[in-house]
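These are my notebook entries on one protein chain. I set down what I looked up, entry by entry.

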Amino acid sequence: MMKELSIIIPIYNVEKYIRSCLDSVYRQNIDHNRFEVVVIDDESPDNSRFIVEEYAKDKDNIIIISQKNKGLGGARNTGIEQAQGKYLLFLDSDDYYLDNTLGMLINQCVQLSVDVLEFGAQGINGDGRITYSKIFENSGIYSGVDYYSKTKCMDSACNKIYLREFLISHNLFFLERIYIEDYEFNTRVFLKAKRFASTSLLVACFFQNQSSITRNTDRSKRLKLRSDLITVMEHIKSLAYDCDDKRSISLIDERLTFLNVSLFYQLFKDKCKLSEYKEMKNKLYELDLIYLNHPLKNKKKNLFRSVFLILTKLKVI
């Protein structure tokens, strides 16, 4: 019998967090027979799988799948393929849900008959302090492209609930073994969705890990992030070949501009030399990936974009 909801949780080196994550899933106003928890053991070297196995002994709706390491995107893809739920949620194992929110979330999805429903989330630091809170209004139902143009949405895949059939029918899976996989994935989601909405529900808490890629100081990881930003640009640019309307092209241009700015902003954060800016700019020109003219919704990034354009015109960069 099909479940209403599948919650997909990849695990890798998360023995400190996974029990709290699972606890939050079971502090909900939704009967256990209405949902399943699909845990993907991505060849975790610690005790994460053992903890989940112990936790699942008195639960009949937890499925544990082990696989060779494929990274976060690969683990989520396995979850999409194996899930039996009508709707899918992606929950990272160091994050958690607020109590008694998932029942209301599912009910809204059913009532609205959406492909995607975006919900509110908070950032939580190591001291338990709220670092940000993003809350949406109850919106109307739009195409993904129109929703994107009207809303300052989040780029996370973990603050949205997806109709599984929508993902499967459009072959919407994550790129594997790259950073910022959510950004590329959701770009395709926006372009394909016919029924996209937001809810005022605040559902998830995202742990602001100091070792995350955007905060990590490891040089090899920082270099990989730069490389992955370019990879994602190439994938997103290729989507334009299947678009024949101006709104979709505008969405792609804005997404590519954001990635350009993010890439140069990484150079700024890494205190790179001026020669490295020029080298990166020339590389993007060679790949036909320079996109800096579209205004950005993110005010901080848009200011950086404007300053960068001025410096470029003055031939400083």
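The entries below take up a helix, a loop aspartate, a pocket and several salt bridges.

**Entry 1: ground rules.** I am working with a predicted model, in which local features need pLDDT of at least 70 and side-chain atom pairs count only at pLDDT 80 or more, while totals for chains, interfaces and linings use all residues. Residues are numbered from 1 along each chain as its sequence is written, and side-chain values use heavy atoms, with hydrogens and water left out.

**Entry 2: helix 3.** I took helices (H or I, at least four residues) and strands (E, at least two) as DSSP runs, numbered from the N terminus. I looked up the span of helix 3, residues 71-82. The expected span of a helix is 1.5 Å times one less than its number of residues. For the 12 residues of helix 3 this gives 16 Å, and the end C-alpha atoms lie 17 Å apart, which agrees.

I then looked up burial, where buried means under 20% relative accessible area, exposed over 50%, and partly exposed in between (1.4 Å probe, protein chains only). Of the 12 residues of helix 3, 9 are buried; among them are Gly71, Gly73, Gly74, Arg76 and Ile80. The cover over these buried residues includes strand 1 (3-11), strand 2 (35-41), strand 3 (62-66) and strand 4 (85-90), together with helix 6 (164-169) and helix 7 (181-192).

**Entry 3: salt bridges.** My criterion was a side-chain nitrogen of Lys or Arg within 4 Å of a carboxyl oxygen of Asp or Glu. The count by this rule is 16 salt bridges.

I looked first at arginine 76, which pairs with aspartate 92 at 3.1 Å between the closest N and O atoms. This pair links distant parts of the chain, 16 residues apart: arginine 76 is in helix 3, and aspartate 92 is in the loop between strand 4 and strand 5 (96-97). Arginine 76 has a relative accessible area of 1%, so it is buried.

Next I looked up arginine 255, whose salt bridge with aspartate 155 has its closest N and O atoms 2.8 Å apart. The partners are 100 residues apart, with arginine 255 in helix 9 and aspartate 155 in the loop between helix 5 (144-150) and strand 8 (160-163). Arginine 255 is buried at 1% relative accessibility, whereas aspartate 155, at 28%, is partly exposed.

Within helix 7, arginine 188 and glutamate 184 lie 4 residues apart, about one turn of the helix. Their side chains meet in a salt bridge of 2.7 Å, N to O. Arginine 188 is buried at 14% relative accessible area, and glutamate 184 is buried at 2%. I also noted that salt bridges with shared partners join Arg76, Asp92 and Asp182 into one network.

**Entry 4: aspartate 115.** Which side chain of opposite charge is nearest to aspartate 115? I found arginine 195, 6.3 Å away; aspartate 115 is buried yet has no salt bridge. For charge, Lys and Arg count as positive and Asp and Glu as negative, with His and the chain ends not counted. Aspartate 115 sits in the loop between helix 4 (102-112) and strand 6 (116-124). Beyond its neighbours within four places in sequence, aspartate 115 has contacts (heavy atoms within 4.5 Å) with residues including Tyr162, Phe166, Lys194 and Arg195.
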